[in-house]
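Me: I should like to go through the terms applied to this model and see how each value meets its definition. Please take one term at a time.

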Amino acid sequence: MVESVTDDLNSSLGKDVHLLFKIIPKLKILMAKYVKLNEISCDNEFSQTNGNAMLKLQYLISTLIDVISTNSAVSVVLFMDDLQWIDEASLFILRTVLTQKHRKFFFLGCYRDDEVLSNARDHKFWKMMHGINAAGVNATEIKLSCMNEETVRTVVSDLLCVSPRLVGSLSSVLFSRSKGYVLFFMQLLLLLYRDGLLYLDLGRQRWKWDEDKIVSLKLPNNIAICLSNEICKLSIEVQLALNTLSMFGASAKLSYLKLLESNFHMRIIEPLNEAEAEGLVTNTKGSFKFCHDRIQEASLNLTEEQYRRINHLAYGKCLAQKASEANNIDLLFTAVHQINFGGPSAVTEHKDYFDMANHNLAAEKRAMSMAEFTSALSFFKHGISFLRGSYWQDHYAFSLEIYELACKTSFSAKKISDVNVYSEQVLKNAHTFEDTLEIQLIRMTLLAHLDATKALELGLSIVSKLGEEIPIVTAEALDLKQVQSVVEGIPLEHFLNYEMMSNTKKLIVMRFLSRIQIIAYHAKPSLNPPITLKMLQVTISHAPATFVYFGNYLAKLGDLSLGYRYAILGEALLNKLGLPQQTGEVIAGLSPIQNYCEPAPAVLEMHIRSVQVVISQGDMYWACINQHSYCTNAIWIHRDLSFVKKLLSEARGMKMKPWLLSAF
C-alpha cells in the first residue's frame, strides 16, 4: 500500500509534493525515492503566490487524504482533540476536507461544549459545523456527560472487583466530591490509595477501605486543588521538571528538553520519568505529554507569572540559537513561541530586544512559506513589540522588511484594515520611492477591488515613475506592421534561449504591468494592446503569457499564421521555465487562436489539463476562466449537454472572486 500511495502522490502532485514535507515532515521518509527528483528550493514557494497559497495548501491536503483513502483497504480515520482551541489555518483545511467527498474517510473530533456553546454564535468551530451541515455533510454529535451516581458505583465495583451493594458508601463520597467528572474521580481514588485509606487486604484477598476516615477526611472540592496538592507532595526536582514541561503546553519533544537540560545544567528527563510513574505524564514517540490539560495547568501554576516569563525567554533564546545552527523549522517555532510568552518585560539586556524581534522575523518568513498567515501575523506583532525607540531610524532595513511581510500576510489573510495600517507605516518612513514598490503593488490590487479605473491610473503612474511610459493608443490605431516591428528580425526559436531577467527594476516593472493588464481588461480594454507591447519590450522570459497576448493581437490584425506561432511560443516558454502558476493565464489566452488553427477536441483537452494544474496552484480565477472556455467549446462540437451543465455548475462553485487574484 505504501508504495502505491507514494507513486500516486508523486503522480498527482509532482514537484508540489515537497511542499507537504514542511507540514508533514515524516512524509519525506515515505517519499524517499522521489525526494531527490523533486528536491528544489522551496522556501518561498507558498509566499510567492500569497493570494492563492491557502487554496493551494487546501488542494495538497485534500489530494493527500484522497490518495491515502483510495489506496487503503479500510477507512482512514482522522482524529482531532480539543477543537475548541482550533486555529484559523487548521479550521480552513478541516472545513475543506470535510466538505469534499473522499473514499473511505472518517473524521472524529472532540471539543468542550462549555467553551464552545457559551459563545456559540461567534465561535469559529461552531460556525464551521453549521456550514458543513448546510453543505450536506452527515455529522453526528455525541454528547459525553459526566458520570451519574449509578455509573460511579458500577465503575468502583468493577475496579475493586467488589459487589455494587458493598461499595455504596465509598462511591457516594467519590460522587459527591467529583460530581462524576472522570479525571477528578480517578484522582480522588488515587489519593485515597496513597493515603492508605483504600488498601488491598491480602488475608481476605480483596480491596477494603476505612469508611469512617474517608467520610471525615477533608477532600479537595475541585480538580485544580486536588492536582496541585498531589503535585506538591512530589520532590522539588520533579515539581521543577513538571513546571518546565508545562511551559511548552500540553507536550514537548524529548530532544528539546535535553537541550535545556544540557544548557542550563538541570535535571529534567529523570524527574519526568518519576512523574510518569505517578500517572501525571506519558513518554511516547519521543515526547513527554501531560495526561490531561488540568495537570499541565496545575504544574504551570507552581511558579508566579513574572518568574515564568523570565524562564520562557531564557528557554526561547537557548532553543533559537540551536534552531539557527540546525536550520530546524519546528524548533524555531517552538523557540519563538517561548520568547513571545516571555515578552519584552522579561528582557534584561538592551541588545536582546532587537535579537528577539529578529527571531520573530525569521519565524514570520517560515510561517508565510507554509501559508500559515495567522501565525505569521502573530510573529510580526510580537516582533514589533520587542523594538524600542525610533526603530525605523535605528533598524531601517529590518523595519522595512518586516512591515512589507506583514502587509503581504494581511492581504493573504484578508485583513484589510491591517494592510492599510502597515502600508501607511512604510509609505511614511520609506527612504526612497523604490522602497515603497512592494507596498504600492498591494495597494493597487486592493484598490482594483473597489475602483478599477483609479487602480489603473495609480499603476500607470507608478510604471511611469519607473521610466516606462505606456502609449495611450487604442487597438484600432495599431496596424500589423507597427506590431510586427517590435520583434522584427528576431527568430522565434531565439526567444527560447534567452536567460531569465535579473534586473530587479525591470522585474518589478513586469510585476506591475502584468497586474495592470488584468485591471485594464476590466476598466479599459483598449489599453491591453499597448500594455502587451510594452511588456514584450521590457522582458522576454519573465512572463510567457505576454507572447500569447501578442500572438492574439497579431491574429486580430490579420496575420493568423504568425500570431499562432507566437502564441505557441508562449506555451513553449511556459513549459521550459516550469511556471505552473501561469498555466491558467497562458492556456486561456492561447485558446481563442487555437480554435482557428487546431482541432476542437485538442483544445478541449488542453483546457481540462489547465484546470487541473491551476487548481493545484490554488488559482481559482483562471480555473474558472478555463472551465467556462471548455464548456463554450464543448457546446459547439455537440458534447453531452448534461455533462457541460455539470461543469458549468462546478465553475460557478469556484466563486471567481477578486481576492483570488494574487498581488505577488
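Me: Which residues is S171 in contact with, leaving aside its neighbours within four places in sequence?

Reply: S171 is in contact with V152, R153 and V156, where contact means heavy atoms within 4.5 Å. This is a predicted model, in which local features need pLDDT of at least 70 and side-chain atom pairs count only at pLDDT 80 or more, while totals for chains, interfaces and linings use all residues. Residues are numbered from 1 along each chain as its sequence is written, and side-chain values use heavy atoms, with hydrogens and water left out.

Me: Why is S171 called buried?

Reply: Buried means under 20% relative accessible area, exposed means over 50%, and partly exposed lies in between (1.4 Å probe, protein chains only). S171 has a relative accessible area of 0%, and is therefore buried. S171 lies in helix α10 (residues 168-178), helices being DSSP runs of H or I with at least four residues and strands runs of E with at least two, numbered from the N terminus. In α10, the buried residues are G168, L170, S171, V173, L174 and S178. They pack against α9 (149-160), α11 (182-194), β3 (198-201), β4 (206-209) and α12 (211-216).

Me: What makes the approach of the S171 side chain to the backbone oxygen of G168 a polar contact?

Reply: The distance is 3.0 Å. A polar contact is a pair of N or O atoms within 3.5 Å; within protein, one must be able to donate a hydrogen and the other to accept it, and residues adjacent in sequence count only if both atoms are side-chain atoms. The value of 3.0 Å for S171 and G168 therefore falls within the cut-off.

Me: How do you know that E230 and R194 form a salt bridge?

Reply: A salt bridge is a side-chain nitrogen of Lys or Arg within 4 Å of a carboxyl oxygen of Asp or Glu. The closest N and O atoms of E230 and R194 are 2.7 Å apart, so the pair qualifies. The pair links distant parts of the chain, with E230 in helix α13 (residues 223-232) and R194 in helix α11, 36 residues apart. R194, D195, E230, K233 and E278 are linked in a network of salt bridges.

Me: Are E230 and R194 buried or partly exposed, and why?

Reply: E230 has a relative accessible area of 8% and is therefore buried. R194, at 36%, is partly exposed.

Me: Why are R309 and E305 said to be separated by about one helical turn?

Reply: They are 4 residues apart in helix α18 (residues 305-326), which means a separation of about one helical turn. An α-helix has 3.6 residues a turn, so residues three or four places apart point the same way. The side chains of R309 and E305 meet in a salt bridge at 3.2 Å, N to O. R309 counts as partly exposed because its relative accessibility is 24%, and E305 does so at 47%.

Me: What makes F106 partly exposed?

Reply: F106 lies in strand β2. Its relative accessible area is 46%, so F106 is partly exposed. V77, F79, F106 and L108 make a nonpolar surface patch of about 390 Å². The elements that give two or more residues to this patch are β1 (76-80) and β2 (105-109). Patches are made of residues with over 30% relative accessible area and no salt bridge; like charges are joined within 9 Å, and nonpolar side chains (Val, Leu, Ile, Met, Phe, Trp, Tyr) within 5 Å. Accessible areas come from the Shrake-Rupley method with a 1.4 Å probe; for residues, only the protein chains shown count as cover.
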